[in-house]
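Subject: Chain contacts in the model

Hello,

Here is the structure I promised to pass on. My notes on how the chains meet follow below it.

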Number of protein chains: 6
Amino acid sequence: MRPSGRAPDEMRAITIETGFTKHAEGSCLVSFGDTRVLCTASVERNVPPWMRGKGEGWVTGEYSMLPRATHTRGSREAARGKQSGRTQEIQRLIGRSLRSVVDLRKLGERQITLDCDVIQADGGTRTASISGAWVALKLAVNGLIASGDLKVDPIEKQVAAISCGIYKGTPVLDLDYDEDSNADADANFVLISGGHIAEVQATAEGATYDEEGLLRLLRLARIGCDGIFAAQLDAVK
Amino acid sequence: MRPSGRAPDEMRAITIETGFTKHAEGSCLVSFGDTRVLCTASVERNVPPWMRGKGEGWVTGEYSMLPRATHTRGSREAARGKQSGRTQEIQRLIGRSLRSVVDLRKLGERQITLDCDVIQADGGTRTASISGAWVALKLAVNGLIASGDLKVDPIEKQVAAISCGIYKGTPVLDLDYDEDSNADADANFVLISGGHIAEVQATAEGATYDEEGLLRLLRLARIGCDGIFAAQLDAVK
Amino acid sequence: MRPSGRAPDEMRAITIETGFTKHAEGSCLVSFGDTRVLCTASVERNVPPWMRGKGEGWVTGEYSMLPRATHTRGSREAARGKQSGRTQEIQRLIGRSLRSVVDLRKLGERQITLDCDVIQADGGTRTASISGAWVALKLAVNGLIASGDLKVDPIEKQVAAISCGIYKGTPVLDLDYDEDSNADADANFVLISGGHIAEVQATAEGATYDEEGLLRLLRLARIGCDGIFAAQLDAVK
Amino acid sequence: MRPSGRAPDEMRAITIETGFTKHAEGSCLVSFGDTRVLCTASVERNVPPWMRGKGEGWVTGEYSMLPRATHTRGSREAARGKQSGRTQEIQRLIGRSLRSVVDLRKLGERQITLDCDVIQADGGTRTASISGAWVALKLAVNGLIASGDLKVDPIEKQVAAISCGIYKGTPVLDLDYDEDSNADADANFVLISGGHIAEVQATAEGATYDEEGLLRLLRLARIGCDGIFAAQLDAVK
Amino acid sequence: MRPSGRAPDEMRAITIETGFTKHAEGSCLVSFGDTRVLCTASVERNVPPWMRGKGEGWVTGEYSMLPRATHTRGSREAARGKQSGRTQEIQRLIGRSLRSVVDLRKLGERQITLDCDVIQADGGTRTASISGAWVALKLAVNGLIASGDLKVDPIEKQVAAISCGIYKGTPVLDLDYDEDSNADADANFVLISGGHIAEVQATAEGATYDEEGLLRLLRLARIGCDGIFAAQLDAVK
Amino acid sequence: MRPSGRAPDEMRAITIETGFTKHAEGSCLVSFGDTRVLCTASVERNVPPWMRGKGEGWVTGEYSMLPRATHTRGSREAARGKQSGRTQEIQRLIGRSLRSVVDLRKLGERQITLDCDVIQADGGTRTASISGAWVALKLAVNGLIASGDLKVDPIEKQVAAISCGIYKGTPVLDLDYDEDSNADADANFVLISGGHIAEVQATAEGATYDEEGLLRLLRLARIGCDGIFAAQLDAVK
């Protein structure tokens, strides 16, 4: 039995509140149960130095946890003077995931930065960030198309992410904090609408997988991402 | 005439949404018009090294602007590896302001950290932070009293802050971004319920004050803070 | 009674030794009693990136306390790898104060940096820095005029600063360290020759002001700054 | 056809030279073709602060690329003043991988640090690091057992890692640099002797996987790791 | 002919103004011609962690150049966030040099830090720092003896330093900036009263030495240090 | 008697294994007994900003000790976020030493970086680094000549370095770790083929030199460097 009383393949309630901030070209507050992440997309006309003059764009992500997003207060990375390895790992993942569905040539020489700031954490902040960042990105691109800055849509698919894990021997979908801290194994899947896999990060500290276990988690992830894809489409309509 | 159409002594709409996050001992999302700041109060049993063993507590503040809280995206301080002078100046001000209404001996050997994270900026983020931080602090202290951890309330007064400035020759209250970037002079007042002044920061880059000008701004600030005091009391009820 | 035996409106002895170092375009060692600050003005032909091509100049300040300027040795900021919030706050204040009396367009596309290094501290280091920095700036500008590099003087007024506070219930002028560490309230005023106020920073940690108290401190500050203005004119003659 | 002329399921030559440095409690120079990594295991009697007094040990990893391990010289992280996100991601992976086969309670309150320094890079440096680190760890533990410091062996299994990818449409094993930079997809598998999976990191930037593709790569990884397990056993004999 | 008109074995005028700052346990402003360094000795009751409980003391040095000590303004190390290699090299030299004449066991478990801050630079700042630091150290130790904190003097000898170089083919003593920037070779000698050598740093970038050249410079250094030893004794009397 | 059983003027076995890594333009693994340093020379077409457009080249060095090159593990400088003063001092010495034998005008506008990474330390790592760096540099330059990129050889001489010291009263050559940590005095000599001295760093912490002692160490250094010069020539043949 899951602490939350959910069925093994049951997601938490997803809500996506678009236009949460007024300055960003695209923004949303995405919630997976009590996990809430503010995602903004910022469009800038300059690309990183190593991309200049190639006529292509760039999509990148940044991630941060507000100090009191968690049960006990964490120290502020800006005050410590550096980002943790965990933060850097997550923001690299966000960038790769979004780029997997964007045709950078169609984007033109502009950069879109997806800032994912965790307001409240209850497990699954990196996957909520990716799922929400796609919405912010789509809204920003829609704005560029509406203003005539872009002629064709560089976003080719949807991308969403979800965590799965083995909790007391049972594969379960969308772990919350209570489950996550007691799970035997934990995997994050980044899936693309239409059926492909963009990224798998299956980590076992304390337990291990076999093929069958990995596939069962992947099957759960498909169920979860289908729900997210629908919520994303609703949000950007 | 103010760009916003407000009268010179008219505040923007204030809303204070308490309990905005679930983990913090006290929290609120405070809005002054389009300026929105998430304030959380975190109670910890340890005090800074130089305070240990004195039986007193400490109240401190941290401040940050989300990268896309502003018109154009600012770089993330955690990524740059240091906090700007402006950030440090503001968070020192937040700490001093809150400490001016707390009896640290009554707080006992515990630290309360007030994190003020600006979700959206439209002028007056530091004053909104102070005004909201008091609410978060009060909620946290109420919790300590309710649980029996504290016998007496260490908070002796309310503290609130507001900016005033001279816009096209007229002293005006509660500047928004449009006014702030065109004001001849700008002052932040931190006032204490009952009539005293905790802090004045009157800065003139381009223009200057005389006594009369300073007093007129202070009179406006009193009007503004009276409104904030009322909103704070409503919020913590 | 003040520990120093001074009357409430009595300044410490001010001395300004110009030309204290030979390389700087302008320099002085300013003393307010035992507080001694070396102020140098350095003229450079480049301005910060965001000012380039506008035909305007820039005036900025940097501040540091030598490790053993104080009663007990403080750690060296260069060794710690960052400047404290206090240092940054002060150097921002120095820059703003000096800019309030300079017409940056008349300065032309050059930057003048005012380095204020505290050799010995006995209270009032930031105000001594501002008062001395004006002398260093004036000497540097005089040099530019003498060499024909500048046709008109971009310095429009004098600027000076002084601290005041409430010590054992009495408003007093120009606090030394003993008074400062026991004062109920502390205010720094930056005044401009001719009567205007450039900046007020009135901070009360432990005590608070009302209008009357603030105005009494301001009146003391006017007395103090009149004395400093005279000393500055003497020095640059 | 692979640039190297290898069959799709053919590994590069593996050599493991143990005792490469004399000070470390365990060390080896591991080579996968032209990729060469120096792995050392250092035993220390202190554990991280958050582990103290629990009677358990800790195993952690650090990773670095010598500046000229690569085709063009990379800047030295110590000179830049921070480790890249990539470095931190890899060293976290090394630590997790090794911990997945160690019973930390049996290790007792000591820390073993696995330093993996890449002498020469030709693809697969992180997987070579993990595979070599196990050897260094085993040698260090053998020493602790020989000296009587440990009564039971805390290492429960072998762990090895290998990269696989899809190169010109074909799944291939153990990518070298030429293949890696032209692969459509890239996955790193960390496998445990006996058949379980410790970690999967399958990343597709530009291409994507389906289940079948993922399983085919996993099957290749099993072939590769079986070879590595044998080489590890040879090395520690 | 030397630019300064000095004879090859002629020092610049040395002045040592003791008690230049009032807080330090020992202090002096040392001048070698236009090179002026403020040296302070700070006595603290704690020693570095690796020295604790051994009953011995420690003597260490820190060095800094004020930004406008030089012809053109250098950036402030505290603002850049790190000390240059040159600064670190010099402060390590200062510490070693002073320790070479102190019996650390006689000092007891206390640390004396010698801060050498260059007010004005005209060549030879590191050697002036060492020569002045000895005076500051001696004054601080005299104070400890006077107060009864120390029974025996831990300072066993004097230490002084001077630069020599080969200028247009001629070995010369005590290079000023003009000579230093045009010298073919440059050497710093740290000598101990009584005739021994504590340290030699002879560097040739562009030119090279032979034994004879090195010995001639050393002979000049002896002449110079004899003068400094006398000036030191005068100063501490 | 030396712990190693060597005669006072006896070097440890020197081996220089060229081509140790395949990417660098020049590389070798140099061993002085158990001290082993990997030296690579990297040729780049850009020079530091302050050298641009002068038609000259630059030669520079970087140095690092692998964490477990030593008896006990040292913390990784990249993880600590800064290079130690010792590291910076050594890499500045490496650069100066190599530049003393290179005609930078003949090198043309290119930079050669000599990375010296200590694989295993047993005393004398800085001198081994310099001696090996010359070999790496020579190999890189030979390659530039072979490819026609350089018409004339900018390397004018050989440079080598060795440490000497006074061990139990006897001057000895090429100190290993056991001797170094018990020596009364320690000196590093950088000598140039043909008889000149590029650099002397004679440091006495605890003991001191006189002229005679310094000259005796220098004589030993000449013996040692003659051996290194021969080994270098063998290596680059």
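Start with a pair that stays apart. Chain C and chain D make no contact, and their closest C-alpha atoms are 11 Å apart. Chain A and chain E do not touch either, with 11 Å between their nearest C-alpha atoms. Please keep in mind that this is a predicted model.

Two interfaces of chain A are worth your time. One is with chain B, the other with chain D.

**Chain B against chain A**

Chain B puts 39 residues into this contact, and chain A puts in 39 residues. About 3,000 Å² is buried between the two chains. Carbon and sulfur atoms account for 49% of that area. Three residues stand out on the chain B side: His23(B), Arg68(B) and Arg76(B). Together they supply 25% of the area that chain B buries against chain A, more than any other three residues.

Charge pairing shows up here too. Side chains of opposite charge can pair when their charged atoms come close. The interface of chain B and chain A holds 14 salt bridges. One of them joins Glu62(B) to Arg73(A), at 3.2 Å from N to O. Polar contacts between these chains come to 25 residue pairs, both residues being at pLDDT 80 or more.

Which elements of chain B give two or more residues to the side that touches chain A? They are β3 (35–44), β4 (58–65), α1 (77–80) and β5 (111–120). The largest share comes from β3(B), with seven residues. By class, that side of chain B has 14 nonpolar, 11 polar and 14 charged residues.

How do the two copies relate? A rotation of 180° superposes chain B on chain A, with 0.0 Å of shift along the axis and an RMSD of 0.0 Å. That is the relation of a two-fold axis. The interface residues fit that picture. In chain A, 100% of the interface residues of chain B are interface residues as well, so the copies meet through the same surface.

Now the salt bridges across the whole model. Over all chains, the structure holds 126. Among them is the one between Glu62(A) and Arg73(B), whose closest N and O atoms are 3.3 Å apart. Glu62(A) sits in strand β4 (residues 58–65) of chain A, and Arg73(B) in the loop between β4 and α1 of chain B, so this pair joins two chains.

**Chain D against chain A**

Here the contact takes 31 residues from chain D and 31 residues from chain A. The buried area is about 2,800 Å², and carbon and sulfur atoms give 51% of it.

How many salt bridges lie between chain D and chain A? The count is four. Arg92(A) and Glu89(D) form a salt bridge through their side chains, at 2.8 Å from N to O. Polar contact links 10 residue pairs across this interface, again with both residues at pLDDT 80 or more.

On the side of chain D that touches chain A, the elements giving two or more residues are α2 (85–99), β9 (197–203) and α6 (211–236) of chain D. The residues of that side divide into 11 nonpolar, 10 polar and 10 charged.

Look at the strands as well. Strand β9 (residues 197–203) of chain A pairs with β9(D). The sense is antiparallel, and the pairing runs over five bridges. Within it, Thr203(A) stands opposite Glu199(D).

Chain D also superposes on chain A by a rotation of 180°, with 0.0 Å of shift along the axis and an RMSD of 0.0 Å. Which C-alpha of chain D is nearest the axis? That of Gln201(D), at 2.3 Å. Of the interface residues of chain D, 100% are interface residues in chain A too, so these copies meet through the same surface.

**Where to look**

For the chain B side, open the salt bridge of Glu62(B) and Arg73(A). For the chain D side, open the paired β9 strands of chain A and chain D.

Best wishes

Technical notes:
Residues are numbered from 1 along each chain as its sequence is written. Chains are lettered from A and ligands numbered from 1 in the order in which they are written. This is a predicted model: local features need pLDDT of at least 70, side-chain atom pairs count only at pLDDT 80 or more; totals for chains, interfaces and linings use all residues. Side-chain values use heavy atoms; hydrogens and water are left out. Contact means heavy atoms within 4.5 Å. Buried area is the accessible area (1.4 Å probe) that two parts lose on being put together, summed over both. A polar contact is a pair of N or O atoms within 3.5 Å; within protein, one must be able to donate a hydrogen and the other to accept it, and residues adjacent in sequence count only if both atoms are side-chain atoms. Helices (H or I, at least four residues) and strands (E, at least two) are DSSP runs, numbered from the N terminus. Ala, Val, Leu, Ile, Met, Phe, Trp, Tyr, Cys and Pro count as nonpolar, Asp, Glu, Lys and Arg as charged, and the others, Gly among them, as polar. Copies are superposed by least squares on the C-alpha atoms of residues with pLDDT of at least 70 in both. Two strands pair if DSSP finds at least two bridges between them.
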